[in-house]
Amino acid sequence: MDWNFKNGIPIYTQIVDELTMRIASGAYAPGEKLDSVRDMAMDAGVNPNTMQRALSEIERRGLVYSERTSGRFVTRDENVLKELHKELAGRYLDEFVEKLQKIGMDEKEISDFIKEAGNGKNRD
Amino acid sequence: MARIEISELSKDFGSIMALDGVTLSLDKGCIVGLLGPNGSGKTTLIKILNGLLVPTSGTVEINGIEPGVETKKKVAYLPDRNALPDYMTSDQLVELYSDFFYDFDAAKAEAMIDDLGIDRNQVMQKMSKGTKEKLQLCLVMARQADVYLLDEPIGGVDPATRDYILKTIISNYNEDGIVIISTHLISDIESVLDNVIFLKEGRVVLEGAADDIREKEGKSIDELFREVFRC
Amino acid sequence: MLGKLLKYEIPAIGRKLLPLYGAWAAASIFLGIGLRGFDSESDLFSVLTILLYVAVTVAVIVMSVILIVQRYRNSMLGDEAYFNMVLPVSMNEHIANKGLSALIWMTVSTLASLVSIFLILLCSGSLFDVFPEFIKGIREIIAEVGAHWIIVLIELILLSILSSAKSILAIYAAITIGHQAKDHKTLASIGAYIALGMAESTVGNIFMRLGWMFNFGRFDNLIEFLSTHEFMTSQILMLVLFLVSIGLVAAYFFICKYFLEKKLNLA
């Protein structure tokens, strides 16, 4: 898996987002053991302290949990995962709607457009 | 447990002020980028930390003591030039390091040398410039030092090697140590830095945690660097 | 740590000098052969062997001096210093390492010159003519100096080693002082060498005058002095010479140490 960092946004924030995304998408399966902080830092090419900080943050959000001796695991709690999906979906939708509004579509047009997109009609 | 205290440090070479009242304090457990254009004083600062230059005024302490035999045991230095006896092979250089540095892990050095595809029986003289740099870095990074002072570690190497070097720095990093990397090629290394120090004409013009600066300025360190040092 | 430094320093000089010793031995053999026919027609060959021998001998001497200068300058003040001077080794050990290695190779070179003379004599076939003469010469010196010659001989050898050490450290001190100059470091080093030499001969003169003052006689000609004085008197002279040499060795050593520790400025 590739890590790509954008300019001007704290790397810590970007790692938090990326890890959240990976958990939401199932790239890290529920209950899966994560690599050590050092290995994850090496994989991402970032400072171990930054990786540690990001992991603490997603742990605080309940997305992962630590077991003192055996390491860090992705949560198995379905509620947490469901909440996460909702939150992400909401965030993406907001961005999307905002963009469509910018090009002048109103609410009805947007909602029709989304329905049609589901049926695959908007693209040739 | 490493700690570096630099206080009111100045160094002049006759008419040129290479360092002008630098005060810094670095704590264990961080990777620091010492950033600045050529001639900004990066190398001078690193040389003073190594005891290769005597300051004009001010003080430098590593773990509470001035640079000397005791600090040299704990400081691993990658100079900005080839300083090793170039009639020796990689294997002989590994032995040389083992003889003088008790924190040197010969097996680790050999593994790195093999990883980078360096011929262990070739004398250094016959190696390309890039290979020499890689070999020096392997030897330095195979130490378990408190402080690593890396002067332009990625200057002349290809991207694949650069990635390997950064990974080595990360994997070698220990929570009690300090790694100082001097460079002007910031975009290549900025993701591994905890803290950055901008040096301009011998003075510290910016110092802080890399992520804080990104957040505050809304720019990458590299972009900010280009702005601060615009010609 | 000194042992470890020597482990690398001695071979570092040896790798340059050993091939020259080989050439020297070969040139000695050629010269020996050339000398055999010196009186007959093959004059050109003889002359060539002489020229070759002189050239190689000069090369060995010049190279030895260059190596002493170069090894010190490179690894204490040049590019290699960026490795050498960050080793966890005290300055005393650094200087002792350079000085001892140079001294060892100077001694080896002296022995090599004896081997060279031996080879010339052997190959020219005159070894058995010269050898008795040599023994006779030594006997004459012993007769002049007296029965204590063994002690005096040992003292003279030690003294010459000390004086070699002094010469080496004087070169080091001059290089170290010269390095303080901003530009023209080589020129400054040569200037420093001349100045140190003058200071040294001033000290020597003072001791000479002291010798006259106490009616000790002139001792610029050692053999003459030893043959005309009592053994005990010669021992007092030796003691003075030893003390002066040791004093000079220490003085040059501390000049190096002071500048390398307190004033080191690697460009």
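Colleague: How much area do chain A and chain B bury between them?
Modeller: Buried area is the accessible area (1.4 Å probe) that two parts lose on being put together, summed over both. In this predicted model, chain A and chain B bury about 1500 Å², with 52% of it on carbon and sulfur atoms. On the chain A side, A:Arg38, A:Met42 and A:Asn47 lose the most area to chain B, together 33% of what that side buries.

Colleague: How many residue pairs are in polar contact across that interface?
Modeller: A polar contact is a pair of N or O atoms within 3.5 Å; within protein, one must be able to donate a hydrogen and the other to accept it, and residues adjacent in sequence count only if both atoms are side-chain atoms. Between chain A and chain B there are ten such residue pairs (both at pLDDT 80 or more). pLDDT is the predictor's confidence in each residue, from 0 to 100.

Colleague: And how many salt bridges does the rule find there?
Modeller: That rule wants a side-chain nitrogen of Lys or Arg within 4 Å of a carboxyl oxygen of Asp or Glu. Across chain A and chain B it finds zero.

Colleague: Where are the domains of chain A?
Modeller: Bounds come from an automatic or database domain assignment: domain 1 is 11–76 and domain 2 is 79–118 in chain A. About 670 Å² is buried between these two domains of chain A, and carbon and sulfur atoms give 74% of that.

Colleague: Any ground rules?
Modeller: Residues are numbered from 1 along each chain as its sequence is written, and chains are lettered from A in the order in which they are written. Local features need pLDDT of at least 70, side-chain atom pairs count only at pLDDT 80 or more, totals for chains, interfaces and linings use all residues, and side-chain values use heavy atoms, leaving out hydrogens and water.
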